[in-house]
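Visitor: I am new to this structure and would like a short tour. Could you take my questions in turn?

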Amino acid sequence: MSGHSKWSTIKFKKALKDAKRGKIFTRLIREITVAARAGGGDPASNSRLRLALDKAYGANMAKDTIERAVKRGTGELEGVDYEEVTYEGYGPGGVALLIETMTDNKVRTVAEIRHIFSKRGGNMGTAGSVAYLFKKRGLISFPGDADEDRILEAALEAGAEDVVSEGERIAVYTAATELHGVALALEAAGLKAEESEITMIPETTVDVCGEDAEKLLRLIDVLEENDDVQNVYANYAISDEEMARLEAVS
């Protein structure tokens, strides 16, 4: 169960910066609204909404902002009707990319995503062209210096699929449907997670380095900056040495 990750980094995560707080809040508000619309406004019976609310409170979003987002989703307040659309494609080095969006205008969004792929050395694919390379799983993250043995024992008891030390974090992987139960069990054991989320894990990875790695990370960065993009997943693997080089030249 424990040891080196059998999955590579799946999502290019940048540090949380004040300058990007507005963007992060926008994504969270959309997720809350769509989750409430899809499953109702009661987090006790809507696990997706519960996860979105946990993230919003964790990001210090104001309570009244959160409540308005829920009410827009349930129809108690008027709001923009967002649609969830996933786009697929390949980046430099043949890396598969899965882009989750929430949009009020699919024509605009697909044109923008296609333009980003074209300009940044990628190719947009058809529906299903890369989705089969990923599997939906629950992910519970702890700080890298947390007690791994305690986490491993509690996670095994709760039915987690895997516990992996990944340097800066300890990751607990679960079946997507088991995320909430495992998270509650870990919390009850006195283990405080940094984040719980449903994510997409690549079944296989592609090693990239040099110019391909530089172009790929720029492509992912630009995709994540798009207003309609919620999440970007990729099946790349970059060595620690190569990542250190990239950080040095960035």
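The conversation below moves from the whole chain to a sheet and then to single residues.

Visitor: Before we start, what kind of model is this?

Guide: This is a predicted model, in which local features need pLDDT of at least 70, side-chain atom pairs count only at pLDDT 80 or more, and totals for chains, interfaces and linings use all residues. Residues are numbered from 1 along each chain as its sequence is written, and side-chain values use heavy atoms, with hydrogens and water left out.

Visitor: How many helices and strands does the protein have?

Guide: There are eight helices and ten strands. These are DSSP runs, numbered from the N terminus: helices are H or I with at least four residues, and strands are E with at least two.

Visitor: What about its overall dimensions?

Guide: The C-alpha trace spans about 50 × 45 × 35 Å along its principal axes. The radius of gyration is 18 Å, which agrees with the value near 18 Å for a compact globule of 250 residues. That radius is taken over C-alpha atoms, and the globule rule is 2.2 Å times the number of residues to the power 0.38.

Visitor: What share of the residues is buried?

Guide: Buried residues make up 42% of the 250. Buried means under 20% relative accessible area, exposed means over 50%, and partly exposed is in between, with a 1.4 Å probe and protein chains only.

Visitor: Does UniProt have anything on it?

Guide: An unreviewed UniProt entry lists residues 82-236 as "domain: TACO1/YebC-like second and third". UniProt positions are given in the numbering used here, feature names are shortened, and annotations may be inferred rather than shown by experiment. Over residues 82-236 the chain is 33% helix and 36% strand, and the end C-alpha atoms are 30 Å apart.

Visitor: Let us turn to the sheet. What is the strand order in the open sheet of four strands?

Guide: The order is β5-β6-β4-β7, with antiparallel pairing. The edge strands are β5 and β7 (195-202), each of which pairs on one side only. Two strands pair if DSSP finds at least two bridges between them.

Visitor: And which residues stand opposite each other on β6?

Guide: Strand β4 (residues 134-143) is joined to β6 by seven bridges, and F142 stands opposite I170 in β6. Strand β5 (residues 162-165) pairs with β6 over four bridges. There, V164 stands opposite A171, and D162 has Y173 as its bridge partner.

Visitor: What joins β5 to β6?

Guide: The two strands form a hairpin with three residues between them. In the turn, G167 has a positive phi of about 80°.

Visitor: Why is β6 described as largely enclosed?

Guide: Six of the seven residues of β6 (residues 169-175) are buried, so the strand is largely enclosed by the rest of the structure.

Visitor: Now a single residue. Is E31 buried or exposed?

Guide: E31, which lies in helix α1, is buried, because its relative accessible area is 19%.

Visitor: Which residues does E31 touch?

Guide: Not counting residues up to four places away in sequence, E31 touches R48, A52, M102 and Q230. Contact means heavy atoms within 4.5 Å.

Visitor: Where is D42?

Guide: D42 is in the loop between α1 (21-39) and α2 (47-58). At 43% relative accessibility, D42 counts as partly exposed. D42 and V70 are 28 residues apart in sequence, and their C-alpha atoms are 9.1 Å apart in space.
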